[in-house]
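Notebook open, model loaded. I want to go through the chain contacts, then the symmetry, then a few side-chain pairs.

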Amino acid sequence: MNPILLLDYAGVAVFAATGALAASRKQLDIIGFLFLASVTGIGGGTFRDLILGAPVFWVRNPDYVLICAVIGVLVFFTAHMVESRYKLLLWLDALGLSAYSAMGAAKGMAVTGSPTVAVVTGMLTATLGGILRDLLAGEPSVLLRPEIYVTAAMAGAAVFTLADVAGAPLPVSALLAFAAAFIVRAGALKFGWAFPAYKSRPGRRPEDIP
Amino acid sequence: MNPILLLDYAGVAVFAATGALAASRKQLDIIGFLFLASVTGIGGGTFRDLILGAPVFWVRNPDYVLICAVIGVLVFFTAHMVESRYKLLLWLDALGLSAYSAMGAAKGMAVTGSPTVAVVTGMLTATLGGILRDLLAGEPSVLLRPEIYVTAAMAGAAVFTLADVAGAPLPVSALLAFAAAFIVRAGALKFGWAFPAYKSRPGRRPEDIP
Amino acid sequence: MNPILLLDYAGVAVFAATGALAASRKQLDIIGFLFLASVTGIGGGTFRDLILGAPVFWVRNPDYVLICAVIGVLVFFTAHMVESRYKLLLWLDALGLSAYSAMGAAKGMAVTGSPTVAVVTGMLTATLGGILRDLLAGEPSVLLRPEIYVTAAMAGAAVFTLADVAGAPLPVSALLAFAAAFIVRAGALKFGWAFPAYKSRPGRRPEDIP
């Protein structure tokens, strides 16, 4: 089992778990768990494949869908045992983001050969599952949180692309990328790492504008 | 006219009507009616086709778009005569969901031959139009309502797939699936059928977490 | 440099700027600026290409992504100098919408030859970037604002299609379409042009319904 495939299964599984945890926070029924687990688990990779013009990965190999379903059911019966589901969701999301930033960049590079496209598909694959989850569950979007999120995905995708262009073997590039993304995201979660945000002044609400 | 094509036109038309009714609830202008009618009417099928790598149905046959436009205009001029537009929206949505769960599963099965993919494309086609409508209209998402919704779509898609695998002729599988999905959804609307939801405790808000 | 390509670059650049301005209103960090600039700049065209079954434009030519990135960085360092960022966002959005309604209709016509599809892809390409921006930034959707928005996109797409069917050369059709869309949208922004909205009564909230 090569590391790429492992990262792929791991990404699907942990993102599916975050979707199911969001369903538990919203007190949905078991089918709601399955649905949010699937959308979060396979959403990012689905858009990556559509954009690259590649066959959608879970249509070729429906096992990915079954992984999401199993995880959804497992979380339905165990989520009450977790003390802080939101914290767990954030850490699993960090793992999924790291795995998918490597996977997405690898697939973008393999299909197009363009480093720019590889960085974009890496970021997109890593962040879209979580964005869709938050949008559908009506939760505050990870995208708008003050800490580093998209940046971690970008770091992973950039490291993969650099290593790959430098001629590193695929498993090495993938593991380096996973590590880079996870360190950045873990630093954000644990120590509150953040870029200086744009601070001058918040936007006025549309109704305040003359 | 075979039942599959009939279900297809019916699904587009009733979903388009729900989109237009959402536009009336938001007091949009006539073009807003056309837009929401079209997104709701053809959104689910569009994603189904993209995911399956099939040509998008309304690009091949633009009549579907014209159906949405006609429905949008009709609803613009008649919605004020409906006593409870929200109730009507829910029942039309139930019809569209039932038609599309059969249609989506049929197309998934025809293109990939995988029962798992057929169930997923059935669910997706049936629920995505309504999800997009609620997201774009800023309404509370059908996905998060306590009653059975995605489950009805899954029931329809599963019945189609089982009947198809068992060798039933296409029209029979499609009608059985339509009936199964509609009975489940109608029971939810009429009698409040619901699964036991995940109840242990709601999620805390992010700002409450230490 | 033909006008179509110019409209294309202009559309990407101004939409990217509106995405970055939305990021400044939400006080995101610089990567948030890049992300919203890219989603807004290339989101509409991405869906257009997926729906038409054409290769996604920025996968073939990643320069579009680099344009978004440059604009994102520029806006990060200059947005504080703009007096009303929301007003600027609306006017740039009007330019992007006008450029993309022509571009989207041109591509829809070129790929399918169907006037109906051309009008739809013109509207979609022109409005989707802004819709995604508002959705992801958690801003009130342009779609639900009382003024004319989708209508301007439709006007541009319809003018392009009519001119093209009447045999006008591509650059002429494109410029006519750009002008039509911009005049309609500018009239809405400047003079509050609006269609009579559907007014009978707003929708009740779901919880008010017996």
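How many residues does the contact take from chain B and from chain C? I looked that up before anything else, keeping in mind that this is a predicted model. Chain B puts in 35 residues and chain C puts in 31 residues.

**Entry: B against C**

I computed the buried area next. Chain B and chain C bury about 3,000 Å² between them, and 71% of that is on carbon and sulfur atoms. Three residues stood out on the chain B side: B:Gln27, B:Ile31 and B:Phe35 supply 22% of the area that chain B buries against chain C, more than any other three residues.

Then I went looking for charged and polar pairs. The salt-bridge rule finds zero across the interface of chain B and chain C. For residue pairs in polar contact, with both at pLDDT 80 or more, the count between chain B and chain C is also zero. I note the pLDDT condition because side-chain atom pairs count only at 80 or more, while the interface totals use all residues.

Which helices of chain B each supply at least two residues of the side that touches chain C? I get α1 (3-25), α2 (30-52), α3 (57-60), α4 (63-78), α5 (85-112) and α6 (115-137). The most comes from α2(B), with eight residues. Sorted by class, this side of chain B has 22 nonpolar, six polar and seven charged residues.

**Entry: A against C**

I ran the same lookups here. In this contact 30 residues of chain A meet 34 residues of chain C. The buried area for chain A and chain C is about 3,000 Å², with 71% of it on carbon and sulfur atoms. I found zero salt bridges across this interface of chain A and chain C, and zero residue pairs in polar contact with both at pLDDT 80 or more.

On the chain A side, α2 (30-52), α6 (115-137) and α7 (150-165) each supply at least two residues. Here α6(A) gives the most, with seven residues. The class split for the side of chain A that touches chain C is 20 nonpolar, seven polar and three charged residues.

**Entry: symmetry**

What rotation superposes chain A on chain C? The fit gives 120° with 0.0 Å of shift along the axis, at an RMSD of 0.0 Å. That is the relation of a three-fold axis. I also checked which residue of chain A comes closest to the rotation axis, and A:Leu50 does, its C-alpha being at 4.2 Å. The copies use different surfaces, with 10% of the contact residues of chain A recurring in chain C.

**Entry: side-chain pairs**

Searching the whole structure for aromatic pairs, I got 24 over all chains. I picked one to look at: B:Phe33 and B:Phe76 are edge-to-face, 4.9 Å centre to centre with 85° between the planes. B:Phe33 is in helix α2 of chain B and B:Phe76 is in helix α4 of chain B, so the pair ties together parts 43 residues apart in sequence.

Salt bridges come to 18 over all chains. One I looked up joins the side chains of A:Lys107 and A:Asp49, at 3.0 Å from N to O. This pair links distant parts of the chain: A:Lys107 sits in helix α5 (residues 85-112) of chain A and A:Asp49 in helix α2 of chain A, 58 residues apart.

Definitions and conventions. Residues are numbered from 1 along each chain as its sequence is written. Chains are lettered from A and ligands numbered from 1 in the order in which they are written. This is a predicted model: local features need pLDDT of at least 70, side-chain atom pairs count only at pLDDT 80 or more; totals for chains, interfaces and linings use all residues. Side-chain values use heavy atoms; hydrogens and water are left out. Contact means heavy atoms within 4.5 Å. Buried area is the accessible area (1.4 Å probe) that two parts lose on being put together, summed over both. A salt bridge is a side-chain nitrogen of Lys or Arg within 4 Å of a carboxyl oxygen of Asp or Glu. A polar contact is a pair of N or O atoms within 3.5 Å; within protein, one must be able to donate a hydrogen and the other to accept it, and residues adjacent in sequence count only if both atoms are side-chain atoms. Helices (H or I, at least four residues) and strands (E, at least two) are DSSP runs, numbered from the N terminus. Ala, Val, Leu, Ile, Met, Phe, Trp, Tyr, Cys and Pro count as nonpolar, Asp, Glu, Lys and Arg as charged, and the others, Gly among them, as polar. Copies are superposed by least squares on the C-alpha atoms of residues with pLDDT of at least 70 in both. Rings of Phe, Tyr and Trp (its six-membered ring) pair if their centres lie within 6.5 Å; planes under 30 degrees apart count as stacked, over 60 as edge-to-face and the rest as tilted.
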